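Q: Please take a close look at a single helix in this protein and at what surrounds it. I am a first-year student, so give the cut-offs for the terms as you go.

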Amino acid sequence: MSFSFFKILRPKTPQEVAKSIKDSLMALDTKTVFEVKTLEKALEEVEKNFVTMRCMLSGDGESEPNMDQVSQLVEELCKEDVVALLIYKLPILGWEARKNLVYCWSILLRHKVDSKYCCVEYIEQHFELLDFLVVCYDNKEVALNCGIMLRECFKFPTLAKYILESPSFELFFKFVELPDFDVASDAFSTFKDLLTKHGKLVAEFLEAHYDEFFDLYDKLLTSSNYVTRRQSLKILSEFLLEAPNIHIMKHYIQEVRHLKVMMTLLRDSSTNIQLSAFHIFKVFVANPNKPRDVKIILAKNQEKLLELLHNLSPAKGDLMFQDSHLLALALFQAQKMSNLRRKRSSSSRKSRLSS
């Protein structure tokens with residue numbers, strides 16, 4: 001009697017896994033999408049292959065991954081253009097398949113083969129894949145998955161640089177204000193990573209695109225949406241006050257339009273926004289080389305600003321804020337005394353002339 005039906009299945013090789021993934025993704029063509037039963041079967045096959053990929057990349061819980069197999073799989077996924085399929089087919093995939101893909105994505109990007117990041121190099125040769133992921137923020141079903149994948153990509157300078165200089169970058173100013181709170185928050189997280197992960201890179205970008213960037217950014221800071229104002233202000237504080245951006249900050253505090261935005265935010269109904277705005281506003285005040293128009297605005301609004309600063313309520317134990325608060329008040333008081341002395345000196349000269 002034969003018991004051949006009990007034979008143990010041979011584990012798939014990395015090449016076979018890559019081919020199975022490619023074939024199952026290719027099966028998700030236009031015709032498949034419009035045939036429900038066929039689509040369901042095709043999606044099940046994709047999900048099964050993604051589970052196999054995940055086990056090969058990270059182990060099955062009982063044994064560690066074979067790094068030689070991982071390298072072979074990564075190379076094969078790039079060589080056979082499966083990486084592009086993983087991205088382009090993402091909007092069609094089911095929830096479980098997307099979850100496994102996102103899990104595998106960071107492993108694929110970080111894995112080195114002979115000191116090279118194969119998947120990163122593949123994306124560098126197909127930058128349009130990044131544009132596709134950005135545009136997917138408009139698709140609520142996959143927006144959060146794409147956000148995670150983008151943030152993994154932005155850990156690599158070349159990929160972050162491409163999006164900064166791509167027309168897709170401006171889409172973030174739209175996505176952070178989407179009506180869906182979860183999607184807008186995720187877009188802010190991605191936007192923040194893009195502007196804070198690589199200081200020197202961002203500084204070079206801002207120097208080259210200063211006016212265009214801040215024209216768009218000021219609209220976020222003055223948005224009617226509280227979350228937009230607060231999040232954009234926090235991100236601005238983080239990247240503007242970093243060492244690589246010192247030249248950008250010096251440029252920023254020379255402009256009256258930015259001072260007016262900060263003064264408006266100091267009057268915001270939210271204490272959190274007021275406090276965040278203060279940390280940028282104090283740089284305008286402390287600047288020893290204030291332009292004439294900045295001095296004029298500060299002088300004209302001196303009384304109101306002093307009142308606002310006196311009424312700010314710092315968080316308990318925030319000694320840094322309290323010190324800065326006192327510094328700003330001292331500077332304003334000094335400026336006020338300087339103005340009084342100037343007026344008295346002028347009056348004295350007039351008096352002597354008249355006598």
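A: What follows describes one helix, H3, then a residue that touches it, and then the protein as a whole.

The model is predicted, so local features need pLDDT of at least 70 and side-chain atom pairs count only at pLDDT 80 or more, while totals for chains, interfaces and linings use all residues. Residues are numbered from 1 along each chain as its sequence is written, and side-chain values use heavy atoms, with hydrogens and water left out.

Helix H3 covers residues 36–58, which is 23 residues. Helices here are DSSP runs of H or I with at least four residues, strands are runs of E with at least two, and both are numbered from the N terminus. From its first C-alpha to its last, H3 reaches 33 Å, close to the 33 Å expected at 1.5 Å a residue. That expected span is 1.5 Å times one less than the number of residues. After H3 comes Gly59, with a positive phi near 95°.

Which residues of H3 are buried? They are Leu39, Ala42, Val46, Asn49, Phe50, Met53, Met56 and Leu57. Buried means under 20% relative accessible area, exposed means over 50%, and partly exposed is in between, with a 1.4 Å probe and protein chains only. An α-helix has 3.6 residues a turn, so residues three or four places apart point the same way.

Three of these buried residues, Asn49, Phe50 and Met53, are in contact with Ile21. Contact means heavy atoms within 4.5 Å. Ile21 lies in helix H1 (residues 14–26) and is buried, with a relative accessible area of 0%. Ile21 also touches Leu77, Val82 and Leu86, leaving aside neighbours within four places in sequence. Ile21 and Met53 are 32 residues apart in sequence, and their C-alpha atoms are 8.4 Å apart in space.

Now the wider setting. The protein has 21 helices and 2 strands. Of its 355 residues, 46% are buried. Among contacts between residues at least 6 apart in sequence, 71% join residues at least 24 apart.

The largest nonpolar core has 110 residues, and Phe191, Tyr217, Tyr252 and Met262 touch the most other members. Helix H18 (residues 271–286) gives the most to this core, with 9 residues. A nonpolar core is a set of buried Ala, Val, Leu, Ile, Met, Phe, Trp, Tyr and Cys residues joined through side-chain atoms within 4.5 Å.
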